[in-house]
Amino acid sequence: MAERSGPKVYSIAAHRGFADALVAGLLPRYGEPEVGLARLTLLLPSQRAARTMSEAFIRLAGEEGSAGLLMPRMAVVGDLDLDETLGPLLDPIGAGADIPPAADPTRRWLRVAQLIAEEGGDSAPKGAALLRQAQQLCRTMDRLLVEDVGPEQLLQEPVVGIVGEQAAHWAESTKLFLKVQHRWLDELQRRGELDAAARRNRLFDHAARRWKECPPATPVVAAGVTSAAPALARLLRVVSELPQGAVILPDFDLALDDAVWGELGCAGAPAEPGGPPFARNDAVTHPQYHLKLLLNRMGVARGEVRPWHRAGMAAAPPERSHAISSLFLPPRASAGWADLPPEKRRLARVRLMETASPEEEAQAIALLMREALEVPERRVALVTPDRGLAGRVTAHLRRWHVEADDTAGRALSQTPAGRLFLLLTEVMAEHAAPVPLCALLEHPLAGAGEGRAQWLESARALELRLRGPRPEPGLAPLRAEVAALAREDKGVQAWWDGVEAILAPLLPADVAEPLSLAAQIDALAAAGEALCGIGLWGREDGRALSALVEDLRARAEEVGTVLEPLALPAVLRDAMDQVAVRPPYGGHPRVAIYGLLESRMSRAELVICGGLNEGSWPQPPGPDPLLPPAVLRALGVPGADFRIGLAAHDLAGALGAPDVVLSRAQRDADGPAIPSRFLLRVRALLGEDLLKPHGEAEAVALARALDYAAPTPPYERPEPMPDAEQRNVDLAVTALDRLRGDPYQFYASAILRLRALDPLDAEPSPAWQGTVAHKILETWHEEGGALRPIAERVLDEENAHPLMRGLWRPRLLAALDWIEAEMERLPERELVAVERKGEMTVDGVRIHGRADRIDRFANGELAVVDYKTGGPPSAAMVEKGFALQLGLIGLMAKANGIAGVSGTPTHFEYWSLGKDRKSETGFGYRIERVAEGRKKGLKREEYLEKTLEFLHDAIGRWIKGDDPFTARLNPDFPGYADYDQLMRLDEWQARADDLAADGEGAA
């Protein structure tokens, strides 16, 4: 590489492989016999880039058979501790001695939240929303600082005029931003600190000034840096002019036509003096736009950029770079695609893969990666911004015991330690509600150790006990549940005492009352360690959690942040989402999974670009939430679409690999997906004639074959046939309706003895409401007195949640008032039984049940009463024999099967607690389903006789007979859906309905 005057700026074409090509050129240029590259300083964009370069140096040394290699010093330009790396080069006594230290980012976030609350007053957001807005405001401040935009520029005439023309909400948000920024900068000045972004700018300027005045005696090379920040661009200009300096750009297109280069737009260089640095028609989404912006800010002409004449070990064909250049042409220039011959449109060794679903895409990608590993030393990488796809591919690779090196890691909130800590905050915020409490107690880290099995047994027993409607908040209602469990297992009480001692300090008196954030975090950390021991902090996720907790606690205590416990789960989840947890050691050495940022400068022989759908790659640009786009343009800040250009550049870099697969799924979790605009360009460039040769069908076919299952015959309506011994079961009065209407439900509940479990925090079900209402009425009938106080007492005993009380209690009390008044209107009745059990034997089968209430008239006749929290069954249901409970209770009473009850039942009444416009309270009414006058139902005198006929029929057919227990035998029967999944209802119901309709038509 010949020396030349002027800036030394080079470009490594996409097909050459940036890291390997860079290393191949650095060694002969800067290597020295005794010290190798130890005198060289490399300026790199990120820590990931430094790792990539280290791997490239090691590969080159191995390729050349070198016994060892002294590598260069690598400095990352994005690091807060940049001066520690560059210090000896910048100043013999340390870099930036006169530059104030950087403000702690966590302290800034919390302090800015306080400033927003003070400036916003009553209109300021609260809780988690306030801290999210503070985070957004901090990001906006950093964005302006990176672009060298000072606060005074926001007060200049052009910007002030633009703000006045904006909608009211933009004007208000801009004013709030200015006020908070002004107060924050004043505070920084008093503390003698700088924002991290401002400090980096000063370090860059300090380095540029020092190196310009006194060039370093050792070489300095900036490689792979594409950020166009003005301060960094000034430093890169100086580096390019150093005697032993150079700037090497990745994937800069030297073959681009001058007319196309001009079509990209201003890119920071106004077309005329005083003009806007970014025009409205700038092609900001082009992959070369940000490189043009960088060159303009460096003051380097495009013609001054020279090619780097070295190729890496994983170089692609040279034609690939020309194809990539054509692929991303601006709209007017891309019209020339139509005239290109096939050999100019062909993308050799680039395949397009389209699958039906994300699951199928992950399977196919995993197969391609596994196939690549069969070739010795072949590296394979998946590049995708879709973390869900990355996780699925990682899981599929484990099928072959291949552990992928996922460099993007996992969010701390999704790790075991992070999830447990969040569950503790939810227990605090929701006052030990069943869902977070049970999830916490059954978490893999909770109670870990020798007693883990007993711990889980107790936790699962408590979970079963808590299923159903949510109890009252706090630990006190849970003690009663634990006491009931302790009657069967004495160890549960001791276990719960330990749990309660850990959780009690977490529960504040009022979750909406602001408390010290530092104190809350202290309490959470103490509870977490008491619950899990040091295992909470022992692994990589625990160490990341420990660092986050300690940092947040210390800064919150310093700032004096207060927060409602109710908002703490959302705040901590937002903070944990920003922390990536990576395994302490990598996975398979030849398999990597990258996000877009991590993929820059990386290289592999096979690169798979996954998730190429709109909304994923590229992701939709989000406008700044505080400053309007017009203000940002006037300040010279690139717009939100600028990030689309960066995503395009990432894809262009990935297309430079020797073998490339571009993959997408036709659907995502929300429905049909739109192909990425970049993928549509690839298809348009290839044309219809080349699409099929570039398709990847084998991997998709194999992915489908792996999970292929032969079509199963249609599942028929179940008709189980238990033997005579299994059929010989007792019959409850509430089960006869189910036996006749849907024999399968009876079979599942009475013979298989299967019961549906209520979920935790369930909505109060009709069954639960009925149990509570029956208990209230039973207590009232036994104790007498006013009904309302008894109802309140029973609700307290049932630990009814305040929300449930607020919704159901008014209706319940209104209906109970009606019952109390109705009883007073029936003085001719004598109450003879309440909630009393009874039984009888019919055809050798024991019939048993409980009577809600039985009254005796003066003439000795009986009235059987059934309380209903909802509506009673219809007359048609009674006539068809699907609502026989009252008749069966009547038969038991007539047969003296209920203790203390004798006589002939003649009245069969439903007392409903449901709505009734005729009632004075709006709720409660009494009705009989007997055929009298115009009313339908069973005749009063035949009520018991018909019930007995239905009973004999059911016993003869199913209990003592051999009829199958057919599912949904009578479609009109309104049964419960508890067993629909067990009977696989959706698989055969439509066919059964069609057959029934055909039969009716034929008849």
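Select Gln 288 and show its neighbours. In this predicted model, Gln 288 touches Asp 251, Phe 252, Asp 253, Leu 264 and His 649, leaving aside residues up to four places away in sequence. Now look at the polar end. The side chain of Gln 288 reaches the backbone nitrogen of Asp 253 at 3.0 Å. Trace the chain on both sides: Gln 288 sits in the loop between helix H10 (258-263) and helix H11 (289-298). Is Gln 288 buried or exposed? Its relative accessible area is 5%. Buried means under 20%, so Gln 288 counts as buried.

Next, select strand S1 (residues 9-12) and strand S5 (residues 245-250). The two run parallel, joined by four bridges. Zoom in on Ile 12, which stands opposite Pro 250 in S5. Then add helix H1 (residues 18-30). H1 packs on the sheet and touches S1, strand S2 (41-44), strand S4 (220-223) and S5. The direction of H1 makes about 165° with that of S5.

Widen the selection to the whole sheet. This open sheet has six strands in the order S3-S2-S4-S5-S1-S6, and the pairing is parallel. Which strands stand at the edges? They are strand S3 (73-76) and strand S6 (305-307). Each has a single partner strand, so one side of each lacks a neighbour in the sheet. From one strand to the next, the twist averages 25°.

Move on to another sheet. Here the order is S7-S16-S15-S8-S14-S9: six strands, open, with parallel pairing. At its edges are strand S7 (350-355) and strand S9 (405-406), each pairing on one side only. Select S7 together with strand S16 (residues 659-665). Six bridges pair them in the parallel sense. For one of the matched positions, pick Val 350; its bridge partner in S16 is Val 660.

Now show helix H14 (residues 358-372). H14 lies across S7, strand S8 (380-383), strand S14 (591-594), strand S15 (606-609) and S16. Relative to S7, H14 runs at about 145°.

Finally, zoom out to the full chain. The protein holds 39 helices and 24 strands. Its radius of gyration is 38 Å, well over the 30 Å that the globule rule gives for 1003 residues, so the protein is more spread out than a compact globule. Along the principal axes, the C-alpha atoms fill a box of roughly 125 × 70 × 65 Å. Colour by burial: buried residues make up 53% of the 1003 residues. Switch to the surface view. The accessible surface comes to about 45,600 Å², and 52% of it belongs to carbon and sulfur atoms.

Definitions and conventions. Residues are numbered from 1 along each chain as its sequence is written. This is a predicted model: local features need pLDDT of at least 70, side-chain atom pairs count only at pLDDT 80 or more; totals for chains, interfaces and linings use all residues. Side-chain values use heavy atoms; hydrogens and water are left out. Two strands pair if DSSP finds at least two bridges between them. Contact means heavy atoms within 4.5 Å. Axes are lines fitted to C-alpha atoms, for helices over the stretch in contact, and angles run from 0 to 180 degrees between N-to-C directions. Buried means under 20% relative accessible area, exposed over 50%, partly exposed in between (1.4 Å probe, protein chains only). A polar contact is a pair of N or O atoms within 3.5 Å; within protein, one must be able to donate a hydrogen and the other to accept it, and residues adjacent in sequence count only if both atoms are side-chain atoms. The radius of gyration is taken over C-alpha atoms; the globule rule is 2.2 Å times the number of residues to the power 0.38. Accessible areas come from the Shrake-Rupley method with a 1.4 Å probe; for residues, only the protein chains shown count as cover.
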